[in-house]
Structures are given as structure tokens and as C-alpha cells.
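Work through the exercises below with the model open beside you. Try each task before you read its solution.

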Amino acid sequence: MSATTQGKAPFDIFVIGGGINGTGIARDAVGRGFSVMLAEKEDLASGTSSAATKLVHGGLRYLEHYEFRLVAESLAEREVLWRAAPHIIWPLRFVLPHHKGLRPAFVLRSGLFLYDHLGGRNLLPPTKTLDLRKDAAGGPLKEEFKLGFEYSDCWVMDARLVALTAKDAAERGAEIRTRTKVVSARREGGSWQIVLEAAGSGERETVSAKVLVNAAGPWVDAVIVDALGRNGAHNVRLVKGSHIVVRRLYDHDRCYIFQNADNRIIFAIPYEGEFTLIGTTDQDYAGDPGAVAISPEEQDYLCGAASEYFKHPVRREDIVWSYSGVRPLFDDGASAAQEATRDYVIKLEGDAMNGALVNVFGGKLTTFRRLAESVMEKIEDVTGKRGGAWTRDAKLPGGEFEPTAFEAEVAKLRRDYPGLPAPLLRRLTRFYGTRARRLLGQAQALGELGDHFGADLYAREVDYLVAEEWARTADDVLWRRSKLGLRVSAEDQARLADYLAAKA
Ligand code: FAD
């Protein structure tokens, strides 16, 4: 079946891709007064935006590649994003052990001095030197690591950042369609005719828009070829990155950044309470971005790199979960995958009279807000319509409290819901911030939260995710809106899938 919205006024802007960049652009655009529609072929954040290391960071390593613009912008974004979403973003301290055979201590000190002073750090504490023989951070490490440095960056629940950005866009008036693929887009009479196909039913619909934004991440070139009908496109270099998750390796709450002999770095990060996250790798990738998976060689590489530092070796059999993603890096011709630029490039074609097209290449979670501003500046230039930048001081849904007031927020929820377990209330504050109250409503006891699906997941939360955050399947709930999949048994996952299927 096919439908068309011809006759209906065209959208000002149509965005392809429901990752962090597409949702960020849709949110910024609708807040400037543009009418906006976004289509995501699967679930929000089903591509690269749920497969990151999840750092809101300047990228200490990028200083070695002279990416000063990117590092300065990213450093400044840390506190901007933390303020916008203090529930799903929080500060972390990173411990960088000095390794005698690798970068000399003065190089690390100078890099961290720059990192501290490039700008944008008001709340985050500065770098300090650590005596790893005395500091608790030295405990899990081999004895040879005596000197270390500790610095600040932030953590983000990546897929939740995407869902909340989409939510904010929708609440401001954007139309967000998940499980809707853009199969073709053609310029006709000064606007775009865009054919959408619904997953499952295969039902097609045509919508029109004045400006088309291609924010399809690793699929950006595929969209140019398949949907726009161009002969070929090679703008992005696809670079795979994988992570492994093991049972918690140490007790403190700081992360490690380890230098490797191959000039790369890996992180070991406290993860979801009971686990440690270790990543990442950098490998050129040629296959379907949707089918990316960790290889045995990557598993060995990550285990080996961590075991170089930890007293207790990390072995392949310790891995409880792993995930992989594909970085859509702008192809700047660098020889090694790890050296390809992490900066973003935005290319605009055409004008307002002939249907403008904006292609987005590269970009990090950390810079999504600034990337969206750059896209919108270009669109405002061609359309002549001006709304102006507004996202710097705006909150994301649930983030309406001060960045340093997270514990106070948890305490308020505990005061208002004394009959519910404290760990659940803490988690709900993390996930939903001030919106935890909307989710809980009048419930004052676990029995009022509906079916239990294992861990601390109840039907009330599942229903909220379906109604408010576009969740449709068990994977959406367990691996993107949350990481509860790490704790929910296969049997409970199957029950959750049945529950969601019955609701559909
Ligand atoms: P995606 O998230 O992939 O979104 C594109 C979307 O477009 C997909 O959901 C896809 O389904 C959809 N789509 C494609 N074709 C169509 C179509 N025809 N119709 C409709 N929808 C379509 N950044 C950081 O800031 N910090 C980090 O710590 C960090 N770590 C990383 C670690 C790894 C291993 C990787 C791979 C990346 C990391 N990044 C990090 C980078 C960051 O994750 C990505 O740059 C970012 O998520 C890219 O977002 P995106 O929206 O461009 O792409």
C-alpha cells in the first residue's frame, strides 16, 4: 500500500537518521521554528550511537594528532552537556599510569596541562599527579606502575542521550518516525519528494521537504547512492571499534586510560555497578555497518592490553558481553585507522529554491550539539529564515536540576516514595531525572509497578518507555533505553518480548 502527503505543506527540514547527530539536528531545528520530520530505519540509536565508549571528552589522544579545534570544542562541551542532562551525564576521573617504555612523563604532563587549560572547565576538578604506590588507584595495577596522572572527563549513557534528544525534539513539535526507512529522495520543483517505508508492513508513504539532511552515520554514503540515486560516493572511512565487558575488576570509581605499545590507548571503566568496560579497537571495516561484531583477535587484543597493566590478567573467558560499532569518520586520507580525523565535516549542496541537501560526515557524541548548530547555520544561510542558536543553556527532558545536585534529586525521590527500594529510586533518577515521578505516578509499593521482568525492571517502566521513548522490542528496552540486559535472564527477556508483542 502506498500513501502520499502531496497537498500537505512540505516540512522545512527532513532528517535521515535517528542517531545522536540526526536527533540533535532535528531538536535544534524545531527549536528555531522550522517544521521538522525525522526518519530512523530501526530503533533510535540502533547504529553507532549505542556502541560508543560513552565518554563526553576532549579526547586527550587527539592532541597528538594536532586536532586542537576539535579538542577545544569538545572540552567546552563537557560541562555544557553535563548541565543539560545531569541525570544521564556525570563526571569521571581518569587515571593515566606512566609506562616507562612509552610516552615520557613530561609529554603526559604537557598534554594534560593543555587539556586543563584549553577552556570550558569550571566545575570539573583539574589534573593531579598520583603516587600509585600509595593511592588506591595503584592497588589493582602491577607494581612497576609507580607514577600516574589523574584528570577529568564525563560519562554519558549514549543511547539514552539519543532518546532524550529525540524526545525533546518531539515535545517541541518535530515528527519522529522510528522503524521507517528512507528508500528514495528526489528533487522535484524546488523541494524533496521523500519515499518512506515502514519496517514490518512495508507500507510506503511520500512526504515532501524543502531541505534534506543526511545524518545516516555509517550509512551516509549508502543513502547518497541508494536513496539519492547517485553513481557512487566515498566520503567516510568506516572504522570498527569493539568493547568487552567483564565482571568488576576493581573497587574504586575511577577509570583507567592505558597506553599501548602500538601507540593506541584503551580505557577500563566501571560499568553498570558490577562490571568493567574495556575498549576500544580501531579497524578499517568494509561490511554492512548493521552486521558489525567483535572478532576473536579484537577480544585477545583488549584482554592483552588490559593485562599489561592489571595484576590479575583479563582472559577471553572472563568476557560476559561485548559490543561493536562503526565510526563514520570523514575520509581525510590518513594511513592508519586510529589517525583518521575524529572531527566532523558538513557539506551543503543546492539552495532554498532548488531543494538544499546537507550531508553530515563524522562527528562524536560529545560534539553533537555543536555539529547541529553548524548544520543549522548553513540551513539558515540558504533559507534566509533565522531562529538563532538556543541549545547551549537548554535542558534535556528530566535534566531540570543543577549538575552537582544529583544526590539531592535522589533524596527527594526517596522522600516522596518511601515504600519503594532505594536502589530502584537511584536508578530511576539516573535514567529519567525529574521525570521519574511521571513514570512512578501514584505507585508507593513494588506491587503497584506491575509485572516483574527480572533485575529491577517492572511493567510500569516498560510502559513508560513504550509511551514516551519509542521502545517497541525487548532489545530496545534492555540494550538501548537501558543496559538491564546484563542482569535480566534469558527467560525474563523472552517474557518481556511477549509482553511487548502483546502491546503492539
Ligand atoms: P548513527 O548513530 O549510526 O546514526 C545513524 C542512523 O541512521 C542509524 O541509526 C541508522 O539506522 C539510520 N539510517 C541509516 N540509513 C537510513 C535510512 N535510509 N533511513 C532511515 N534511517 C537510516 N564519541 C564520543 O563522543 N565519545 C566516545 O567515547 C565515543 N566512543 C566511540 C567508540 C566507538 C567504538 C565508536 C564506534 C564510536 C565512538 N564515538 C564516541 C563516536 C560516536 O559514537 C559517533 O560519532 C556517533 O554515535 C555517530 O552518530 P550518528 O548519528 O552520526 O550515526
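The crossing of α8 and α9 is right-handed. Keep in mind that this is a predicted model.

**Exercise 1. How do α8 and α9 pack?**

Task: State which class the angle between helix α8 and helix α9 falls into, and list the residues that make the contact.

Solution.
- Step 1. Find the helices. Helix α8 covers residues 406-416, and helix α9 covers residues 422-432.
- Step 2. Take the geometry. The angle is about 130°, and the axes are 9 Å apart.
- Step 3. Classify the angle. Roughly perpendicular ends at 115 degrees, and roughly antiparallel needs over 145. The pair α8 and α9 is therefore oblique.
- Step 4. List the contact. α8 supplies F406, E407, E409, V410, L413 and R414. α9 supplies A422, L425, R426, T429 and R430.
- Step 5. Sort these residues by type. Five are nonpolar, one is polar and five are charged.

**Exercise 2. How does α9 pack against α11?**

Task: Classify the angle between α9 and helix α11, then sort the contact residues by type.

Solution.
- Step 1. Locate the partner. Helix α11 spans residues 459-469.
- Step 2. Take the geometry. The angle with α9 is about 5°, and the axes lie 14 Å apart.
- Step 3. Classify. Angles under 35 degrees count as roughly parallel, so α9 is roughly parallel to α11.
- Step 4. Find the touching residues. On α9 they are R427, L428, F431 and Y432. On α11 they are E461, Y464, L465 and E469.
- Step 5. Sort them. The contact holds five nonpolar, no polar and three charged residues.

One general point helps when you look at these lists. An α-helix has 3.6 residues a turn, so residues three or four places apart point the same way.

**Exercise 3. Is α1 enclosed or open, and does its length fit?**

Task: Check the span of helix α1, then decide how much of α1 is buried and what covers the buried part.

Solution.
- Step 1. Check the span. Helix α1 has 12 residues, 20-31, and at 1.5 Å a residue the expected span is 16 Å. The end C-alpha atoms are 16 Å apart, so the two values agree.
- Step 2. Apply the cut-off. A residue under 20% relative accessible area is buried. In α1 the buried residues are I20, N21, G22, T23, G24, I25, A26, R27, D28, A29 and V30.
- Step 3. Conclude. Because 11 of the 12 residues are buried, α1 is largely enclosed by the rest of the structure.
- Step 4. Name the cover. The strands include β2 (11-16), β3 (36-39), β11 (204-214) and β19 (356-361). The helices include α4 (158-171) and α7 (368-383).
- Step 5. Look just past the helix. G33 has a positive phi of about 100°.

**Exercise 4. Where do P397 and R78 sit, and what do they touch?**

Task: For P397 and R78, give the setting, decide whether each is buried or exposed, and list the contacts beyond four places in sequence.

Solution.
- Step 1. Place P397. P397 lies in the loop between α7 and α8. Relative accessibility is 5%, so P397 is buried.
- Step 2. List what P397 touches: H87, L164, K167, D168, E171 and R435.
- Step 3. Compare sequence with space. P397 and A166 are 231 residues apart in sequence, yet their C-alpha atoms are 9.8 Å apart.
- Step 4. Place R78. R78 belongs to helix α2 (residues 68-84). At 1% relative accessibility, R78 is buried.
- Step 5. List what R78 touches: V56, H57, G58, Y115, R121, L124, S152, D153 and C154.

**Exercise 5. Which loop residues have a notable backbone or contact?**

Task: Describe the backbone at A45, K54 and the G279 to T280 bond, then the contacts of W219.

Solution.
- Step 1. Start between β3 and β4 (55-56), in the loop that holds A45. Phi of A45 is near 60°, positive although A45 is not glycine. With 2% relative accessibility, A45 is buried.
- Step 2. K54 is in the loop between β3 and β4. Phi of K54 is near 75°, also a positive value outside glycine. K54 is buried at 3%.
- Step 3. Check the peptide bond. G279 and T280 are joined in cis, with omega about 20°. T280 lies in the loop between β15 (275-279) and β16 (283-284).
- Step 4. Finish with W219, in the loop between β11 and α5 (220-227). W219 touches K41, G47, D288, P289 and G290, leaving out residues up to four places away in sequence. W219 and D288 are 69 residues apart in sequence and 8.7 Å apart, C-alpha to C-alpha.

Terms used
Residues are numbered from 1 along each chain as its sequence is written. This is a predicted model: local features need pLDDT of at least 70, side-chain atom pairs count only at pLDDT 80 or more; totals for chains, interfaces and linings use all residues. Side-chain values use heavy atoms; hydrogens and water are left out. Axes are lines fitted to C-alpha atoms, for helices over the stretch in contact, and angles run from 0 to 180 degrees between N-to-C directions. Helices (H or I, at least four residues) and strands (E, at least two) are DSSP runs, numbered from the N terminus. Angles under 35 degrees count as roughly parallel, over 145 as roughly antiparallel, 65 to 115 as roughly perpendicular and the rest as oblique. A crossing is left-handed if the near helix is turned anticlockwise from the far one by less than a right angle, and right-handed if clockwise. Contact means heavy atoms within 4.5 Å. Ala, Val, Leu, Ile, Met, Phe, Trp, Tyr, Cys and Pro count as nonpolar, Asp, Glu, Lys and Arg as charged, and the others, Gly among them, as polar. The expected span of a helix is 1.5 Å times one less than its number of residues. Buried means under 20% relative accessible area, exposed over 50%, partly exposed in between (1.4 Å probe, protein chains only).
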